[in-house]
Amino acid sequence: MGAIVYGHFTDELDLLNAVKELKNKKIHIADVRTPFPVHGLDTALKYPRSHLPKIAFAAGLIGGSLGLLFQIWVFTKGWPLNFGGKPYLSIPSFIPVTFELTVLFAAFAMGIAFLLRSNLGPGKIPNILDDDVTNDHFQVILAAKNNNLSEIELAEALEAAGAIDVKQVNATT
Amino acid sequence: MEKQNIPEPVPFKFGNKLKIYLGIAAGIGLIALLIAVFFQQLPSERIWANLWMNALMFVFLGLGALFFWTVNTLGESTWQINIQRIMESMGLTIPFAIIFFIAAFPGLKDLFEWTHTEHLDDLLQKKTGYLNLPFWMLRFAFYFALWSFFAIYLRKMSVKNDFEPQEKYLARLRATSGWFIVFFAITSSTAAWDWLMSIDAHWFSTLYGWYIFSGMFVSALAVIIIIAAAFKHFGILPNVNSEHLHDLGKYLFGFSIFWAYLWLSQFLLIWYSNIPEETIYFVERTKNFGTLFYVNVIVNFLFPFLALMTRGAKRQPLYLAIVAIIVLFGHYLDLYLAIMPGAVGHENTSIGLLEIGLPLFYLAAFMALFFTFFEKAKPVPANHPYFIESSSYENI
C-alpha cells in the first residue's frame, strides 16, 4: 500500500499538541494509537461523531418490539396459559422481558457493529508497527499516499512536532 | 488540563425587576387560594391537600438539590463546581419549608385518616405505635433539624473556603456530605412514609420511599437545569457551557428512567400478586384518575426518554430547559396522584384554579429565597482547586 511514517510521543499533552500542529499544516493523519483513551483526541483529529448510538437505538427498537410481539403471540395464540386468573394479554407482565430484550439487542448490535467497523474480531492478527505502543508510547501514523509530501518531508514534520523514534516502514495495511 | 481564558463570573444582583415578577406570581397564587376559600367554597380537604402538596414540592426541590450536591462533593466530581452555588442556594431553602408545612398543619385531620384516634379500625389500631401524632411531630422536627443543619453547615464550609482557602474546609465538606447521605438515605424513606404513604394509611409499599425520592431527585434536577440554562443565557455563570448541561441532561435522562423503573416495580408486583389491600391503591387511581394515571407515565418516562436520547438534545440549552419544565410539571402531577385520591377522594377533586394558581405562590417563594441566597455568596466558589477543570472539561 505504500510507505508509512510513524513517530512516538511519551506524553498525552505532547501528543495532543503535535496532532493539532500536524492538522494545522494540513497533513493527513492516518491513525493514532494510544495505550489508553486520550481526552480531546477525537476533537483534535476532527473525527465525525460515531454512528454507534443510532445502531443502538435501531437495534433496541427491533429487540423491544420483537420481544413484545413474541410474548403477545405466545400467550394469546401459541400456548395460552392461565396465570392466577389474569387475562391472556397482560402487558405489564411482558414489560421486564421486553426491557431485557431491548438491552440485549442494543448491546450486541453495538458490540458487533463496533468490531465490524474497526476491523476487529476473533482471529484478527494485530498489526502492531512498534512494540512500544503496547506499553507506554503514543503513536502517530502518517501515510504517504494520503499526503502530497514525500516520506522524508513527513518524517521531518513529525520530528518538528516533537516526535521521537520516527521510522518509516512499508506496511501492508 | 491546559489553562485557557476563563472569564470571571459576575456577582449576581437580585434586581427589582425580578422581585416584581416574583411578587406578581406570588400574588396570583394567593388570589387563587383566596378565591378557592371564599368564593368557590371548595371542600376543606381539597384546600389542605393543595397546601400540603405544594409544601412537599417546595421541600423536595431543596432536598433533591442538596442531595445532588453532596453526592458530587463526596465523589469529588470536578465538573459541578460552576453550578455548585445553585445547589447550595436551593438547599438553603429547606428550613423555610417548615413555614409552609406548619401552614398546612390545621388540616392534618382532613389529610390523614390515622389522626382520628377516637375511631380507628383494627388495622390502624395496630399501626398506632408508629402512626401517632406526637411521634409524627417529633419525627417532623427531627427531619427538619437534621436537613437544615446539613444545608447550613455545608454552605458555611463552602463559603469559608472562598475567603481563606484551606484544605480542611474542603475535607470537612466531603466528610459531612457523606454523613448527610447516610442520614438522608433513611430520612428520605421515613419522611415519604410519614407525609405521603400514611395518607392511604391502610396501604403500604416497601419501595415507596425510593419512589418518592426518585421523583424528588428528578424534580430538583429539572430546576437545576432550568436555572443553569437561564444563568448561562443571562451571563451570570459565564463558564457554564454545553458540557455542564450535557451532564445535567444525562442525569435527568437517567433518573427519569430510574423513576419509571421504580414506578413499574411498585405497580407490577401489586398488580401481579393481586391482594385486595394492596391493589386498592391502583384501583382507585386507574378507575377514577384514569387519564392522569397514564399521562403521568408518558410525561415522566416516555417523553424524557425519547426527547433526551440524543447528544444534541442534551447540549441545546433552550431545548433542554423546555424538556426540564415539562418533566417538572410531570412530577408535580405525580405528587398530585400520590396525594389527592387518598386525601380528597375522586368526588371532590378536579384540577381547577387552585391547583394551577397556588403552585405559583410557592414557586415564587422558592425562587425569591433562592435568589436571596445566591446573591449572598460568589456565584462560583472562589479558590476551588477544581475550578479550572470544571470550566474546561469536555464530554466524550
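A:Leu41 is found in helix α2 (residues 41-44) of chain A, in what is a predicted model. This residue counts as partly exposed, because 17 C-beta neighbours lie inside 10 Å, whereas a buried residue would need 20 or more. Leaving aside neighbours within four places in sequence, the contacts of A:Leu41 are A:Leu16, A:Val19 and A:Val32. A:Ala109, by comparison, sits 68 residues from A:Leu41 along the chain, and the C-alpha atoms of the two are separated by 25 Å.

A view of chain A as a whole helps to place these residues. Chain A is divided into domain 1 (3-49 + 127-170) and domain 2 (52-117). The C-alpha centres of the two domains of chain A lie 44 Å apart.

Next comes the meeting of the two chains. The contact takes seven residues from chain A and eight residues from chain B. On the side of chain A that touches chain B, helix α4 (residues 91-117) of chain A gives the most, with three residues. By class, this side of chain A has three nonpolar, four polar and no charged residues.

Within chain B, a pair of packed helices deserves a look. Two packed helices are described by the angle between their axes and the distance between the axes. For helix α2 (residues 44-74) of chain B and α9(B), the angle is about 85 degrees and the axes are 8 Å apart. The helices α2(B) and α9(B) are therefore roughly perpendicular. From α2(B), the residues that take part are B:Phe60, B:Leu61, B:Leu63, B:Gly64, B:Ala65, B:Phe67 and B:Phe68, and they meet B:Met216, B:Phe217, B:Ser219, B:Ala220, B:Leu221, B:Val223 and B:Ile224 in α9(B). The contact of α2(B) with α9(B) has twelve nonpolar, two polar and no charged residues.

Helix α9(B), which spans residues 208-233, also appears in the surroundings of another helix, α10(B), where it is among the elements that cover the buried residues. The cover further includes α12 (290-307), α13 (311-315) and α14 (317-343) of chain B. Beneath this cover, the buried residues of α10(B) are B:His244, B:Leu245, B:Leu248, B:Gly249, B:Leu252, B:Phe253, B:Phe255, B:Ser256 and B:Trp259. As a general point, an α-helix has 3.6 residues a turn, so residues three or four places apart point the same way.

The length of α10(B) can also be checked. At 1.5 Å a residue, the 32 residues of helix α10 (residues 242-273) of chain B should span 46 Å, and the end C-alpha atoms are 46 Å apart, which agrees. Just after α10(B), B:Asn274 takes a positive phi of about 60 degrees.

Methods:
Residues are numbered from 1 along each chain as its sequence is written. Chains are lettered from A and ligands numbered from 1 in the order in which they are written. This is a predicted model: local features need pLDDT of at least 70, side-chain atom pairs count only at pLDDT 80 or more; totals for chains, interfaces and linings use all residues. Helices (H or I, at least four residues) and strands (E, at least two) are DSSP runs, numbered from the N terminus. The expected span of a helix is 1.5 Å times one less than its number of residues. A residue is buried if 20 or more other C-beta atoms lie within 10 Å of its own, exposed if 12 or fewer, and partly exposed in between; C-beta atoms are placed from the backbone. Two residues are in contact if their C-beta atoms, placed from the backbone, lie within 7 Å. Ala, Val, Leu, Ile, Met, Phe, Trp, Tyr, Cys and Pro count as nonpolar, Asp, Glu, Lys and Arg as charged, and the others, Gly among them, as polar. Axes are lines fitted to C-alpha atoms, for helices over the stretch in contact, and angles run from 0 to 180 degrees between N-to-C directions. Angles under 35 degrees count as roughly parallel, over 145 as roughly antiparallel, 65 to 115 as roughly perpendicular and the rest as oblique. Domain bounds come from an automatic or database domain assignment.
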